[in-house]
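Visitor: Please take a close look at a single part of this model, with the strand pairing spelled out. Set it beside other parts where that helps.

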Amino acid sequence: MDTITKLHARRVWDSRGRPTVEAEVHTSHGSSARAIAPAGASTGSGEARDLRDGGTPCGGLDVMQAIEHIRHPIAQRLVGMNIQDQAAIDAALIALDGTADKSRLGGNAIVAVSLACVHAAAAAHGVPLWQHLAGSQRVALPVPEIQIFGGGAHARGRVDVQDYLVVCPGARNFAEALEWTAEVYHAAGARLAKKGQLQGVADEGGYWPSFKSNEEGLIELTRAIEDAGFKPREDVAIALDIAATQLRVGARYQLNLENRSLSAEQFGIMLERWVDAYPIVSIEDPFAEDDVEAMQHFTQRMGHRIQVVGDDFFCTDAQRIRAAAERGACNTVLIKPNQVGTVTETFAAVQAARAAGYGTIVSARSGESEDVSIVHLAIGWGVPELKVGSFSRSERMAKWNEGLRIEDYLGTHALAFPARKLFAHTH
Ligand code: PGA
Ligand code: ZN
């Protein structure tokens with residue numbers, strides 16, 4: 001049996017220049033592995049809580065307590081455990097923390113340790129993580145969902161919609177989807193620059209635009225797809241993340257850019273009109289995390305035409321997924337390991353989504369690093385979509401490039417790229 005011999009942690013820095021936690025695991029096999037905790041900005045209230053030190057250094061965001069927790073109580077508990085028994089490792093982390101939201105040891109400490117352990121287990125077998133997770137199952141590359149314009153909490157609210165993304169239903173493989181997206185990304189940037197609307201890039205690397213309305217983003221993105229030589233919808237389509245929890249004021253949804261406030265019903269009508277007028281195939285968090293009724297109603301009306309994705313709405317929680325499925329709210333689940341805290345609970349969310357007949361998308365956070373674990377989780381678990389932010393900044397490109405390496409390695413052994421099938425029903 002390969003056991004954990006040493007657990008270490010250090011402070012590293014994320015893509016926003018904020019401190020974060022890196023965990024490092026060593027095993028009796030001689031293998032070792034590391035993982036880095038990501039961080040969200042538009043977080044759901046049901047997420048695992050990162051432990052931040054408070055006070056004045058690093059704007060209160062330092063993580064030295066979380067690191068101390070890994071070096072001492074967590075190390076003490078985990079050293080000697082079987083590195084191949086991820087369920088037992090994660091159960092020990094959950095029990096040692098003892099809170100519902102992982103706030104005592106810190107969600108950031110726990111997710112870094114849990115991910116480092118699964119990497120070390122793969123390393124002990126001498127295989128990459130995706131292969132360790134897939135076992136004898138054949139795998140496919142996931143369809144990338146890539147941000148072109150960034151707004152919301154990632155661009156100080158300059159546009160209300162958080163992410164204008166593209167997917168490539170017409171692409172034959174992962175490499176081609178990235179190539180097409182690169183063309184669209186650059187075409188969109190050229191359009192903005194020409195109109196004097198380019199304000200830099202937002203937190204996930206997408207352009208930070210100065211649009212006059214949220215709908216202008218849809219017009220510009222559709223034109224950028226055409227400028228790049230693609231057929232909107234058939235070749236390249238639009239996905240939105242509204243992140244509507246951030247727009248909620250009382251019972252209404254506030255669009256600051258347009259100086260208007262809409263009821264849930266009016267907001268839903270606006271989104272439906274957008275789906276009719278633009279090549280939109282997916283909308284994430286169209287309503288706030290607690291607006292179950294609006295989410296249910298919207299899914300009933302639109303669920304056969306587009307992906308209705310829950311992010312803050314589910315917080316990668318298997319229980320929430322089962323409850324929403326009973327009411328028919330959403331049809332796709334965003335999967336973020338640090339929302340729930342451990343690898344085992346993340347996989348339970350994937351399984352709950354599958355049992356409900358829901359789609360799944362593995363996703364990064366707005367605060368990221370060179371860590372590429374999520375690419376391996378998506379591939380190893382057979383999750384058909386991957387959302388990693390935009391097509392610039394190396395914390396994003398590291399993930400896309402890791403996917404390219406795995407696709408190259410698999411060659412003809414890969415299962416068919418699922419893009420066409422996934423979006424065949426959308427219109
Ligand atoms: P976050 O945003 O990482 O800032 O929470 C990502 C998303 O909403 O999908
Ligand atoms: Zn989201």
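Guide: Helices (H or I, at least four residues) and strands (E, at least two) are DSSP runs, numbered from the N terminus. The model is predicted, so local features need pLDDT of at least 70 and side-chain atom pairs 80 or more, while totals for chains, interfaces and linings use all residues. Residues are numbered from 1 along each chain as written, chains are lettered from A and ligands numbered from 1 in written order, and side-chain values use heavy atoms, without hydrogens and water.

The part chosen is the open sheet of three strands in the order β1-β2-β3, with antiparallel pairing (two strands pair if DSSP finds at least two bridges between them). At its edges stand β1, residues 4-13, and β3, residues 32-36, and each of these pairs on one side only. Direction ignored, neighbouring strands of this sheet are turned against each other by 20° on average (axes are lines fitted to C-alpha atoms, for helices over the stretch in contact; angles run from 0 to 180 degrees between N-to-C directions).

Strand β2 covers residues 19-27 and is joined to β3 by five bridges, the two running antiparallel. Two of the pairs can be named. Alanine 23 has alanine 35 of β3 as its bridge partner, and valine 25 stands opposite alanine 33 in that strand. The link from β2 to β3 is a hairpin with four residues between the strands, and glycine 30 in the turn has a positive phi of about 100°. Helix α1, made of residues 64-78, lies across β1 and β2 and runs at about 175° to β1 (contact means heavy atoms within 4.5 Å).

Two other parts can be set beside this one. The hairpin of β6 and β7 has five residues between its strands, and there glycine 205 takes a positive phi near 95°. Strand β6, residues 198-201, runs antiparallel to β7, residues 207-209, and two bridges join them. Valine 201 stands opposite tyrosine 207 in β7.

The order β9-β10-β11 belongs to an open sheet of three strands, and its pairing is antiparallel. Its edge strands are β9 (248-249) and β11 (260-262), each paired on one side only. Three bridges join β10, residues 252-255, to β11 in antiparallel fashion, and leucine 255 has arginine 260 of β11 as its bridge partner. Helix α7, residues 264-277, packs on this sheet and touches β10 and β11, its direction making about 100° with that of β11.

Last comes the ligand. Ligand 1 is surrounded by 14 residues (heavy atom within 4 Å), of which the closest are Ala41, His154, Arg365, Ser366 and Lys387. For polar contacts (N or O pairs within 3.5 Å), oxygen atoms of ligand 1 lie 2.6 Å from a polar backbone atom of alanine 41, 3.2 Å from a polar side-chain atom of glutamate 284 and 3.1 Å from an N or O atom in the side chain of aspartate 311. Taken alone, ligand 1 exposes 280 Å², and the protein buries 99% of that (Shrake-Rupley method, 1.4 Å probe).

Note on methods: Polar contact = N/O pair within 3.5 Å; in protein donor to acceptor, adjacent residues only side chain to side chain.
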